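Let's take a quick tour of one protein model. We'll look at how helices pack, how rings pair up, and where there is empty space.

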Amino acid sequence: MASADPNHFDVLVLGSGEAGKYIAWTLASQAGKRCAVIERRWLGGSCPTIACLPSKNVVHTANVIHEASQGQFYGILNSPGKVDLSMTVVRERKREMVTGLVDMHADKFKEFGVELVWGQGRFVEKKSIEVVGKDGEKRILTGDKIVVSTGSRARIDDISGLKAANPLTHIEILELDVLPSHLIILGGGYIGLEFAQAMRRLGAEVTVLERNARLLKKEDEDIVAALEEVLKNDGVKILTSTTITSVTGQSGTSVTLNGTCSNSPFTITGSHILCATGRLPNTANIGLEEAGITLTPQGYISTDEHLETSSPDVYAVGDCAGSPNFTHIAYDDFRIVSSILLRQPQPPNRKSDRQVPFTLYTTPELAHVGLREHEAVSKALKYRIAKMPMAGFLKTRTLGNTAGFAKALIADDDTILGFTALGLGAGELLPVVQLAMKKGLNYEDVRDLVITHPTLSEGLVGLFSSVPMMG
């Protein structure tokens with residue numbers, strides 16, 4: 001029988017991000033559980049409102065602008081080399097999409113009968129959360145099961161003058177109504193590189209400053225070299241092995257960075273700074289100590305293989321739990337926890353054994369799943385490698401961009417250890433390879449597929465046909 005207490009729920013979720021909202025929606029709709037979600041600001045979490053989808057909206061606009069500027073390549077006579085741009089229109093297009101997504105989320109909460117509680121939530125006991133609304137009104141909510149889904153935020157490094165310069169993060173850069181004359185990006189990771197190319201294609205001068213010796217330090221060197229060439233051909237300036245010691249001025253007007261590049265002093269001045277050097281979990285000031293929830297040394301919520309915390313019946317999901325910072329991984333966190341709460345069968349080692357695919361949305365895209373080549377080498381694993389230029393994926397020739405290549409690592413038993421592709425639509429190639437890897441199929445099972453011509457996926461037949469024979 002449902003509880004008569006309006007402040008008690010079967011499932012109480014702190015944060016409306018990908019994993020948390022789906023857990024509440026699913027438990028309410030499939031099991032009739034009374035569920036509530038506490039949210040302080042971004043309905044639906046960061047992905048639909050300030051991160052994934054909004055950034056890809058702007059990336060697409062940048063690519064359209066770029067293609068328009070290349071009109072003569074497509075036979076458009078009298079096409080200008082430069083296209084006039086309104087950043088206000090770019091921003092409004094993004095805002096309109098976000099509004100639609102927020103409305104969709106609001107409708108889902110109503111459809112599934114999940115109570116949405118606006119305010120700042122904080123544990124006051126193990127299964128009790130105090131919520132303070134914008135008007136200061138307080139409400140104490142309790143739950144039989146509690147899920148923490150508070151996400152993460154952009155890190156701003158502790159560099160002299162950096163915070164005082166009011167740098168952009170991935171949130172503020174999507175709200176610009178003027179194009180930076182010179183955007184300086186701190187960090188050559190996924191977020192930094194997507195914005196670097198997009199802003200360059202919109203017309204800004206862009207410089208990327210990376211502290212490591214190369215971009216994307218986790219990726220194979222051949223992939224990084226090819227991507228760096230693409231970015232440089234677009235006009236993005238890249239400086240690696242940089243250390244910033246001080247920042248003066250204000251982002252949005254004029255800002256100067258001082259430091260070293262390859263151990264030599266350097267100074268750079270731009271109009272805006274974007275901080276893209278990493279993420280921090282949102283685990284402070286939410287009362288985790290009162291709930292008996294322990295953290296990892298890095299500040300993430302510590303969980304077991306099924307995402308249960310040190311406090312029984314309290315789960316943590318998504319970025320705050322140290323899961324890889326991808327929305328699709330948070331969605332898989334939802335599947336793990338909801339299957340437990342619905343008492344469905346769970347495979348062993350659910351968290352650590354899952355695939356972690358990703359796509360970097362530059363043009364061309366960088367897509368990856370499984371082992372990288374340098375990881376296989378470091379583990380002393382035997383493997384064969386198949387490698388093919390994207391020009392061999394014949395669809396790229398029709399699209400006029402054959403940059404990049406694809407490669408696959410094949411084990412001695414003919415299963416696929418890993419796959420990486422840098423090329424147009426590379427992310428769309430992942431599911432076929434992932435399925436083969438998940439089911440333990442041999443690479444020949446992909447090679448022998450009859451795939452429609454001409455599609456990008458057709459190139460997988462050529463790639464896996466080039467696997468060397470075992471020596």
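Start with a bit of vocabulary: a crossing of two helices is called right-handed if the near helix is turned clockwise from the far one by less than a right angle, and left-handed if it is turned anticlockwise. Keep in mind that what you're looking at is a predicted model. With that word in hand, here's the rundown.

**Two helices side by side**

- Two packed helices are described by the angle between their axes and the distance between the axes.
- For helix H1 (residues 18-31) and helix H7 (residues 327-341), that angle is about 35°, and the axes are 8 Å apart.
- Which hand does the crossing have? H1 passes H7 in a right-handed crossing.
- On the H1 side, the contact is made by Glu18, Ala19, Tyr22, Ile23, Thr26 and Leu27.
- Their partners in H7 include Ala330, Tyr331, Phe334 and Val337.
- Sort the residues of this H1 and H7 contact by class and you get nine nonpolar, three polar and two charged.

**Rings that pair up**

- The model has 10 aromatic pairs.
- One of them is Trp25 with Phe112, a tilted pair with 5.9 Å from centre to centre and 40° between the planes.
- Tilted is the right word here because the label covers planes that are neither under 30 degrees apart (stacked) nor over 60 (edge-to-face).
- This pair ties together distant parts of the chain: Trp25 sits in helix H1 and Phe112 in helix H4, 87 residues apart.

**A closed-off space**

- How many cavities of 30 Å³ or more does the structure hold? There's one.
- The largest cavity has about 40 Å³ of space.
- Its lining includes Val58, Ile173, Leu174 and Met199.
- Helix H4 (residues 87-112) supplies the largest share of that lining, with three residues.
- By class, the cavity lining has seven nonpolar residues, two charged ones and no polar ones.

**An open pocket**

- The second largest pocket holds about 590 Å³ of space.
- It is lined by 24 residues, and the closest to its centre are Glu67, Arg201, Thr363, Asn401 and Leu424.
- Helix H3 (52-69) and helix H6 (221-234) are the elements that each give two or more residues to this lining.
- H3 gives the most, with six residues.
- What classes make up the lining of the second largest pocket? The tally is 10 nonpolar, 10 polar and four charged residues.

Definitions and conventions:
Residues are numbered from 1 along each chain as its sequence is written. This is a predicted model: local features need pLDDT of at least 70, side-chain atom pairs count only at pLDDT 80 or more; totals for chains, interfaces and linings use all residues. Side-chain values use heavy atoms; hydrogens and water are left out. On a 1 Å grid over the protein atoms alone, a cavity is a set of points where a 1.4 Å probe fits but cannot get out, and a pocket is an open set with protein on both sides within 12 Å along at least five of seven lines; lining residues have an atom within 4 Å of a point. Grid points are joined across faces, edges and corners, and a volume is the space filled by probe spheres set on the points. Helices (H or I, at least four residues) and strands (E, at least two) are DSSP runs, numbered from the N terminus. Ala, Val, Leu, Ile, Met, Phe, Trp, Tyr, Cys and Pro count as nonpolar, Asp, Glu, Lys and Arg as charged, and the others, Gly among them, as polar. Axes are lines fitted to C-alpha atoms, for helices over the stretch in contact, and angles run from 0 to 180 degrees between N-to-C directions. Contact means heavy atoms within 4.5 Å. Rings of Phe, Tyr and Trp (its six-membered ring) pair if their centres lie within 6.5 Å; planes under 30 degrees apart count as stacked, over 60 as edge-to-face and the rest as tilted.
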